[in-house]
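Please open the model in your viewer and keep a selection tool at hand. The stops below name what to select and say what is there.

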Amino acid sequence: MLTSYLPHAYAWGHVGAHAPRLVNEGIIVMAERSFANEVQELRLGAGAEFRGEGILAVTKGLLQSGVAYVGGYQGAPISHLMDVLGDAHEILEELDVYFENSASEATAAAMLAASVHYPLRGAVTFKSTVGTNVASDALANLASGGVLGGALIIIGEDYGEGSSIMQERSHAFAMKSQMWLLDPRPNLTAIVDFVEKGFELSEASSTPVMLELRLRSCHLHGSFITRDNKRPQFTLKEAIENPQRDVSRVVLPPSSFTHEQEKVKDRWPAAVKFIQENELNEFVAEKNENIGIILQGGLFNTVNRSLELLGLSDPYGNSQIPLYVLNVTYPIIDQEVLRFCEGKDAILLVEEGQPDYIEQNINTVLRRAGDTTALHGKDLLPVAGEYTPAAVTKGVTAFIQKYLPSKINSENLPAIVFDNDDPRSPFAPRVAPELVQGRPPGFCTGCPERPIFAALKLAEREVGSHIVSADIGCHLFSINAPFNIGATTMGYGLGSASGSAFNAKDSDKRTIAFMGDGGFWHNGLTSGVGNAVFNENDQLLVVVDNAYSAATGGQDVLSSRAEALNRSTNHPIERAVRGIGVKWSRTMTNTFKVAEMRDLFKEALTTKEKGPKVIVAQSECTLNRERREKPARAKKIKEGKRVVRERYGVDPETCTGDHSCIRISGCPSLTIGPNPDPMRNDPIATVLDSCVGCGLCGENAHAAALCPSFYRTEVIYNPSWWDKAKLGIRQRYIGWLQKGIEKQLIGIDAA
Amino acid sequence: MTITNSPVSASSITRASSARPLTMAILAMGGEGGGVLADWVVAVAEANGYFAQNTSVAGVAQRTGATVYYVEMLPKTSESPEQREPILSTMPTPGEVDIVVASELMESGRAIQRGFCTPDRTTLIASTNRVYSMPERTAMGDGRIDSQGLIDAGKNSSKRFIRADFNKLAIDNRSVISASLFGAIAAAQVIPFSREQCEDIIRGGGKGIEASLAAFDAGFNAALASERPVVDLTIGSRPPEVEDSGPAAEVLSMAINNPSALVGPKLTQCAERIHSEFPEQARYMLVEGIKRCAEYQDVKYAEQYLDRVARIVQVDSTPDNKLTLEAARYTALWMTYEDTIRVAFHKTRKVRFDRVKEESRASDSEMVQVREFLHPQIEEITDTLPTPIGRWLLNSKPFQWIVFKITNKGIKIQTSSVWGFTVLYLLAKLRPLRRRSLRFGIEQNRIDNWISTLVSLAPGNGELAYQVCLCQQLIKGYGDTHANGLRNFTEIIDYIPTAEKSPDPANKIKVLRGAALSDETGTALKVALGQAL
């Protein structure tokens with residue numbers, strides 16, 4: 001299945017060793033999850049109740065705000081926001097809203113330039129902090145010159161449990177570029193309100209506004225009362241036809257120096273005024289006690305639950321302890337802080353993540369004003385890590401015990417406040433630690449990326465181990481067992497670049513880098529491949545081309561094979577790398593050919609050819625494939641057409657329980673089970689019903705010369721007359737011989 | 001086979017009417033339908049006068065990794081009109097979770113470890129099926145953790161513990177585990193909704209409604225049955241799972257008292273010999289051993305097997321004759337080493353054809369074909385040939401080239417076809433030639449040397465002989481796996497004289513065996529042997 005690049009061959013050859021062929025002309029492939037039904041709710045008018053997920057609510061909020069254009073780059077937890085917008089294209093078109101899947105977060109941020117000279121409201125979205133890192137060049141320039149139309153940056157803060165990235169705060173970006181940061185309470189009404197208020201705040205202060213959605217808020221199911229959708233007051237068409245420019249908004253001296261002054265003299269005060277007048281921050285029971293809690297809006301529900309557990313609040317948020325809720329976490333409004341602290345002995349600040357930017361800020365505010373209220377924060381709460389109910393409850397309890405011990409019934413404390421070795425603690429050891437093993441995410445059943453790493457593992461048995469630079473994407477699962485391949489991951493599309501130092505001309509060995517098709521088009525083509533060509537790096541780059549940005553939920557990219565609606569696809573990766581100067585490039589159109597993959601790796605690692613070697617390893621993401629193929633297969637079977645379903649199996653009589661097959665696969669469907677052999681103790685390998693018949697087990701058995709226990713079962717639905725005729729002959733012949741075999745065994749076992 | 005830890009209490013039902021939200025954590029692996037289950041729970045609550053909220057973590061955690069879905073609900077009361085939305089938590093608080101649902105047994109352990117499941121409050125609904133973790137699956141021997149430990153932890157960490165194999169119930173009804181678990185949730189009556197109210201939610205859904213309802217019903221009934229007090233019948237210290245708990249008691253007692261009843265007429269003599277010459281503890285294993293050897297080769301081979309183990313009996317002074325027992329096991333396994341003839345024999349048997357058909361879940365109107373993936377190495381071919389020919393061909397360059405050309409890319413044989421079956425059938429028919437084959441001679445030699453080693457060690461140090469006996473476990477698999485195992489085995493055997501000089505030689509051998517089983521590359525064994533890497 002190895003082809004050098006041929007344009008007409010650029011469609012699925014076959015995926016999986018014997019999977020049905022598919023040349024998908026005109027097939028429209030959408031992302032992993034379809035919101036086609038849910039988006040209809042986006043049409044709801046004023047006064048209706050909207051029920052659904054947080055991301056749908058955000059979309060509705062955008063439409064209610066009269067947004068003119070939206071862009072973004074997918075990534076958890078806002079991938080589904082992009083999918084919703086994609087699925088809502090009809091509604092967006094009706095309202096004259098332009099939406100695009102940006103090439104990267106930098107592209108998305110730069111798109112906001114449309115709001116610099118025109119009263120156009122625009123919103124972009126991406127994962128943060130990683131996406132904000134990529135976007136920060138454009139965001140800094142945008143924030144310097146300021147905006148005329150409202151510019152909203154919706155960031156999915158990937159922090160805490162379930163996060164897949166380094167643990168940092170987006171807060172720093174807001175501070176360094178001076179963009180306002182909204183962190184509304186995690187309920188849909190608040191989130192929708194802050195989408196609308198965000199645009200107004202942006203326009204009132206000529207400043208881009210960041211709306212932070214926490215990981216769980218994105219997938220929060222709830223309801224809110226809708227308002228009418230609004231068409232943009234000014235359209236992109238009008239802008240294009242009436243070009244404007246104001247050189248004072250361009251970031252170049254001397255304007256850039258003026259911008260810095262404008263930020264503090266004009267935009268900051270304007271924002272403070274707007275935030276105060278619109279009461280974006282909330283005060284609860286302000287004068288109830290002589291202590292109080294200041295908290296980020298996003299933590300409101302957690303703090304309220306802590307107070308409930310202490311008997312100091314109820315499920316409707318009627319706290320007895322004064323609360324100052326920062327739905328705007330940047331800027332801090334000095335006057336509001338001083339107002340809240342007035343007459344209070346002590347304040348607890350609940351600020352998640354580190355550094356403690358807000359704590360430092362509030363300390364400065366109090367100090368300058370000569371206010372003597374004690375400020376607690378990361379002395380009572382964890383310095384780093386997610387503010388879970390456990391962490392917050394412990395901190396709040398310590399704070400109240402210090403200042404208002406009479407308010408708590410010490411006989412009736414929540415179990416969570418006890419030390420872990422206290423038998424009353426929920427963490428008192430009740431299960432032996434070795435019984436609960438880690439279960440990190442991994443390749444799905446039938447994943448076409450698994451055979452790539454199986455092949456590399458086999459190749460390395462022959463040509464030795466190498467430095468392997470990993471990238472961002474599902475292929476990063478290779479770093480865990482059973483493959484244990486990959487030493488660093490420096491960022492999306494940066495797999496190749498992160499091996500660039502290892503370019504020692506006096507070494508015979510070359511390095512290996514991985515990159516996904518998503519990362520390749522995001523920036524890897526230039527930052528990695530172009531760099532390697534230019535600097536004559538000898539590395540082997542493997543571009544994993546599964547036809548989607550798969551880890552983020554199966555969104556299309558430039559090289560996707562399906563014909564996508566409103567998008568241009570089918571741009572081959574090999575053509576791109578050859579265009580940029582790569583001489584040695586191969587496209588494997590079926591990654592499941594493990595032996596061929598292995599030999600190709602060996603060739604790429606030993607060829608005399610200089611410069612980067614690029615292997616494009618191509619097979620469609622199985623999640624997307626199965627989502628399309630499964631219903632199609634069921635339909636064909638129902639229609640009476642001949643369909644062959646495949647699955648694999650292991651013969652228990654010949655499996656010796658050494659599990660070497662699992663150690664080069666790790667497939668969830670290839671597992672272990674009780675050994676039916678009364679003499680053997682070790683569990684045998686076994687294949688579960690979830691097997692999709694991808695073919696890897698058979699290919700591995702061959703490529704690694706494993707064991708003869710693997711077999712493939714082919715179930716033929718609606719067999720043809722020829723199938724049936726063959727079956728008749730076979731059954732008679734085989735049955736006759738099998739009788740002979742059994743006859744031979746008579747007298748050995750008890751009858 | 002399950003018992004309740006404590007009687008069903010009504011207090012958890014009444015709590016829902018107070019102002020405290022009902023909380024539910026669902027622990028599942030990504031892609032298992034935990035999200036669907038959480039959605040159903042929210043839907044049934046919303047349809048019956050409750051506020052409900054549901055959150056989960058997004059992203060790559062959902063690619064087969066462990067995931068927590070979290071639901072809270074609170075009734076809409078007169079003090080809380082529609083406009084007055086409650087503040088519900090997006091994360092579970094340890095110690096404050098009313099219902100924990102675990103889609104798998106180790107996940108119930110994770111819920112306990114994370115403090116979600118506590119004895120004062122939680123109703124734990126756990127599916128007892130195992131989805132093995134990566135370390136359990138990739139171990140070179142038996143890496144499974146003790147399921148009973150998880151069951152015990154569940155009993156000690158919950159107010160009520162509802163458990164059944166909800167995965168099997170779902171599969172039996174051609175549905176997915178979310179449906180059977182929803183049934184169990186309804187049966188538990190912690191959330192105050194009736195069975196009918198829950199079923200209505202499934203009926204309002206999209207596809208597979210009938211299958212979902214059937215699985216719901218199975219889950220509902222299993223959950224009720226789970227809490228009926230019955231006597232715990234678990235036998236033995238560590239049954240990793242029910243099917244794995246060893247032979248039935250009556251078979252064991254028959255093997256001790258009348259082994260002839262367990263074999264056919266051809267093996268009566270052998271069985272009588274087992275009864276008269278061998279200790280009770282080893283008889284069941286020996287019965288299996290003679291059948292295995294006779295099936296593998298012939299009755300004479302079974303007699304040879306008994307001769308070998310008999311040498312051990314003479315010198316065995318270990319408690320419970322554990323040396324004889326394990327020698328009976330490993331001698332039989334070694335004597336029936338995996339060669340091409342054995343593989344072909346098992347692949348052509350009728351029982352195997354029946355099993356494959358059943359496993360494929362094909363109905364009678366559907367056809368099943370089977371294809372084998374064979375990759376015979378040159379050694380595996382020469383091994384089965386008569387010794388002189390085998391040895392000659394093994395060193396023959398032209399023969400090597402031919403074999404490479406044919407087998408390099410592997411051979412696929414359709415065993416269900418006339419041609420493919422015939423090939424394997426004829427291979428199996430080579431059995432009489434085996435005795436004269438190259439490998440047969442080599443293996444018999446190795447076995448006898450190993451037995452001799454055991455015989456020489458046993459009188460002085462029974463435990464050492466026992467540990468050396470267990471090392472046969474290292475020799476398994478095919479091709480490279482077999483070669484590596486044999487190499488490790490040989491290195492340990494060669495180390496015995498050195499080990500004997502240490503204070504506890506038996507333990508030394510045990511440690512070495514553990515090292516060999518811990519790492520495929522042999523590095524750990526090398527380190528343990530003190531060899532240079």
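Begin in chain B of this predicted model by selecting helix H15 (residues 340-347) and helix H20 (residues 418-428), whose axes come within 7 Å and cross at roughly 130°. Because an angle of that kind falls outside the ranges for parallel, antiparallel and perpendicular packing, H15(B) and H20(B) are oblique to each other. The crossing of H15(B) and H20(B) is left-handed. To see the contact itself, show the side chains of Thr340(B), Ile341(B), Ala344(B), Phe345(B) and Lys347(B) on H15(B), and those of Leu424(B), Leu427(B) and Ala428(B) on H20(B). Sorted by class, the residues in this contact of H15(B) with H20(B) are six nonpolar, one polar and one charged.

Stay in chain B and select helix H13 (residues 299-315) together with helix H22 (residues 438-457), which pack at an angle of about 10° with their axes 9 Å apart. As angles under 35 degrees count as roughly parallel, H13(B) and H22(B) are therefore roughly parallel to each other. On the H13(B) side, pick out Arg308(B), Arg311(B), Ile312(B) and Val315(B), which meet Ile447(B), Ile451(B), Leu454(B) and Val455(B) in H22(B). By class, this contact of H13(B) with H22(B) has six nonpolar and two charged residues, and no polar ones.

Next, bring both chains into view. How many residues of chain B are in contact with chain A? Across this interface, 116 residues of chain B are in contact with 106 residues of chain A. Now select strand E7 (residues 367-374) of chain B, since the largest share of the side of chain B that touches chain A, eight residues, comes from this strand. Colouring that side of chain B by class gives 48 nonpolar, 36 polar and 32 charged residues.

With E7(B) still selected, add strand E25 (residues 710-717) of chain A: six bridges join the two strands, which run antiparallel. Two places to label along this pairing are Val715(A), which stands opposite Val368(B) in E7(B), and Thr713(A), which stands opposite Val370(B) in E7(B). Extending the selection on both sides shows an open sheet of four strands in the order E22(A)-E25(A)-E7(B)-E8(B), with antiparallel pairing. Strand E22 (643-650) of chain A and strand E8 (411-414) of chain B stand at the edges, and each has a single partner strand, so one side of each is left without a neighbour in the sheet. On average, neighbouring strands of this sheet are turned by 25° against each other, direction ignored. Then add helix H22 (residues 696-703) of chain A, which lies across E22 and E25 of chain A together with E7 of chain B, and which runs at about 150° to E25(A).

Now hide chain B and look at chain A as a whole, where the secondary structure comes to 23 helices and 25 strands. The radius of gyration of chain A is 30 Å, close to the 27 Å that the globule rule gives for 751 residues, so the chain is as compact as a globular protein of that length. Taken along the principal axes, the C-alpha atoms of chain A fill a box of roughly 100 × 70 × 60 Å.

Within chain A, select the seven strands that form an open sheet in the order E4-E3-E5-E6-E8-E7-E13, where the pairing is mixed. Strand E4 (98-101) and strand E13 (328-330) of chain A stand at the edges with a single partner strand each, so one side of each is left without a neighbour in the sheet. From one strand to the next, the twist averages 20°. At the E13(A) end, two bridges join E13(A) to strand E7 (residues 180-182) of chain A, and these strands run antiparallel, with Leu182(A) standing opposite Val328(A) in E13(A).

The last stops are single places in the backbone of chain A. Most residues other than glycine have a negative phi, and most peptide bonds are trans. Select Pro331(A), in the loop between E13 and helix H13 (334-341) of chain A, where the peptide bond from Tyr330(A) is cis, with omega near 5°. Move on to Pro355(A), in the loop between strand E14 (346-350) and helix H14 (357-369) of chain A; the peptide bond from Gln354(A) to Pro355(A) is also cis, with omega near 5°. Finish at Ala547(A), which lies in the loop between strand E19 (540-545) and helix H18 (573-579) of chain A, and whose phi is near 80°, a positive value in a residue other than glycine.

Notes. Residues numbered from 1 in each chain as written. Chains lettered and ligands numbered in written order. Contact = placed C-beta atoms within 7 Å. Nonpolar A, V, L, I, M, F, W, Y, C, P; charged D, E, K, R; others polar. Pairing = 2+ DSSP bridges. Axes fitted to C-alpha atoms, helices over the stretch in contact; angles between N-to-C directions. Parallel < 35°, antiparallel > 145°, perpendicular 65-115°, else oblique. Left-handed = near helix turned anticlockwise from the far one by under 90°. Rg over C-alpha atoms; globule rule 2.2 N^0.38 Å.
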